[in-house]
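This report looks at how the ligands sit against the protein, and then at the fold and its nonpolar cores.

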Amino acid sequence: MMLFSTGLLIVGYLTASVAAGSATLVLRDLAVSPDVSPETLTPYNPPSSPDPDDIIFEAKVTSPEIPEADSLLHADCNEQEVTCEISSYLPRGSEEGSEPAYFIGSVQLEGGGISLTLVLQTLPATDKGEESVARPLLQSKLKLPLSQSGTLLTEVVFVVFSRSQSLAVPLGGDALLDCGYKQQDPFPLREVGLEWRLQHRGSGRRVLEMRAVETEEAPTVHVEREGSSVDPGLALEEGNVSLSLQKLKVVDEGTYILTVSAGLFQAQQIVQLHITQPPRVSLSVDTVIFRDGLPQKVSCHCERYYPLDVEVEWQYLLPSATEPVSLSQNVSLSSHRQYGDGTLSLSSHLTLHPSALPPGTTVTCLVSHRSLETPVSLSLTVSEPEPETSYLMIVGLLAATLLFLYFVLR
Ligand SMILES: *[C@@H]1O[C@H](CO)[C@@H](O)[C@H](O)[C@H]1NC(C)=O
Ligand SMILES: *[C@@H]1O[C@H](CO)[C@@H](O)[C@H](O)[C@H]1NC(C)=O
């Protein structure tokens, strides 16, 4: 038997007057890929004596299967944390206190991987046939019967998931917000509704909505953001409700909220979309020649990038040195300039003093931005001033000519 256990936090599973507490969610019978060896899995050991104050959700995961279960199982080894919240849940048309009871849980792999929303339905605490002599123990807060090992037996009946909790896409590119749902009833469902909304800085708007009813011929789709789509066939037959977005703009950035309603259940997933555009970096000059011992100003321009935060660092390397020295004095930043497409530009100006920077010194501008894996670096060199001799030679030549003319014309 393959088991998975993790200590998890429960929040607000009862009315507000009851304090939130801690609980454990155990996902049982997870289907994992064949190359996962059973020895690497942590078996779940129920407490030796059932305690009515413990809340242990033992959730059977047979149908529907949980996607990417392997990554949850390996979270520990990869030093990733799994976070979870569970609350009580009322499916459409059901009443409080009715049997079975439902809970909704969200399970997230830290670091942006898989995220799941699970609807759990309680199972009878005892197997039929084994008519229990004693009445089962009731969980003290939830007033639900516990199994013999002290757990709340449930099964996963509906899952909405996203493969990745956040993605970064370049400006003008396309994105696929990869989400799906699974439920116990076989496809196709009698009625499916889904909505994708975008929430950004306190304002929200609908991106796309789809509704399919068995009795109607074609699903109705309302597209409110041009260039966005969900494949209705995939949505109805495979539960693939991924949102595809074309030609991304800065205004497409934000939190995308997917709501799927299928049969009695409704659940959500959230995907963060970040737009990134690397800066075009240039230097005002590639060589500096000090004249008359005066300081010179050079600039490093970062153009049309997104988002806002860009870091510009200056360094110099003396001809005799092996380690560059960071320059923080004598630097000034321009204010940001914003373009109609939302991208930004910024320049960093540096005043170079001849006394500190002999010829042969290289001065480097290093630009870091979240769109860049490593900083962009551009360098300029300090050159020897033009030898004064050429000027002297002209003066000398002129003097010689004048002397010559003087002697000839005398
Ligand atoms: C949905 O379909 C797209 C395109 O075929 C695929 O890339 C994606 O992984 C699928 N997602 C799910 C959740 O099935
Ligand atoms: C920075 O400016 C000071 C004077 O304001 C100057 O003495 C110093 O040499 C400058 N540093 C460099 C590296 O140019």
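In this predicted model, the side chain of Asn-330 places an N or O atom 2.5 Å from an oxygen atom of ligand 2, and a backbone N or O atom of His-353 lies 3.1 Å from an oxygen atom of that ligand. On its own, ligand 2 has 360 Å² of accessible area, of which the protein covers 61%. Asn-330 and His-353 belong to a set of surrounding residues that also includes Leu-327, Thr-351, Leu-352 and Ala-356; by class, this shell holds three nonpolar and three polar residues but no charged ones.

Around ligand 1 the shell is made up of Phe-161, Arg-163, Leu-176, Asp-178, Cys-179, Leu-234, Asn-240 and Ser-242, which divide into four nonpolar, two polar and two charged residues. The side chain of Asp-178 has an N or O atom 2.6 Å from a nitrogen atom of ligand 1, whereas Asn-240 and Arg-163 approach oxygen atoms of the ligand through side-chain atoms, at 2.3 Å for Asn-240 and at 3.3 Å for Arg-163. The protein covers 56% of the 360 Å² of accessible area that ligand 1 has on its own.

The polar contacts of both ligands are set out below.

| Residue and part | Ligand and atom | Distance |
|---|---|---|
| Asn-330, side chain | ligand 2, oxygen | 2.5 Å |
| His-353, backbone | ligand 2, oxygen | 3.1 Å |
| Arg-163, side chain | ligand 1, oxygen | 3.3 Å |
| Asp-178, side chain | ligand 1, nitrogen | 2.6 Å |
| Asn-240, side chain | ligand 1, oxygen | 2.3 Å |

Turning to the chain as a whole, its secondary structure consists of three helices and 27 strands, and 40% of its 410 residues are buried. Among contacts with a separation of 6 or more, 63% join residues that are 24 or more positions apart. The accessible surface of the chain comes to about 22,900 Å², with 52% of that area belonging to carbon and sulfur atoms.

The largest nonpolar core contains 62 residues, and within that core Trp-196 and Trp-314 have the most contacts. Strand β17, spanning residues 265–276, contributes the largest share of this core, with five residues. A second, separate core of 30 residues includes Ile-55, Val-82, Cys-84 and Val-107.

Of these, Val-82 is found in strand β4, which covers residues 82–89. Val-82 counts as buried because its relative accessibility is 11%, under the 20% cut-off. Although Val-82 and Glu-110 are 28 residues apart along the chain, their C-alpha atoms are separated by 5.8 Å.

Note on methods: Residues are numbered from 1 along each chain as its sequence is written. Chains are lettered from A and ligands numbered from 1 in the order in which they are written. This is a predicted model: local features need pLDDT of at least 70, side-chain atom pairs count only at pLDDT 80 or more; totals for chains, interfaces and linings use all residues. Side-chain values use heavy atoms; hydrogens and water are left out. Helices (H or I, at least four residues) and strands (E, at least two) are DSSP runs, numbered from the N terminus. Buried means under 20% relative accessible area, exposed over 50%, partly exposed in between (1.4 Å probe, protein chains only). Contact means heavy atoms within 4.5 Å. Accessible areas come from the Shrake-Rupley method with a 1.4 Å probe; for residues, only the protein chains shown count as cover. A residue is near a molecule or strand if one of its heavy atoms lies within 4 Å of it. A polar contact is a pair of N or O atoms within 3.5 Å; within protein, one must be able to donate a hydrogen and the other to accept it, and residues adjacent in sequence count only if both atoms are side-chain atoms. Ala, Val, Leu, Ile, Met, Phe, Trp, Tyr, Cys and Pro count as nonpolar, Asp, Glu, Lys and Arg as charged, and the others, Gly among them, as polar. A nonpolar core is a set of buried Ala, Val, Leu, Ile, Met, Phe, Trp, Tyr and Cys residues joined through side-chain atoms within 4.5 Å.
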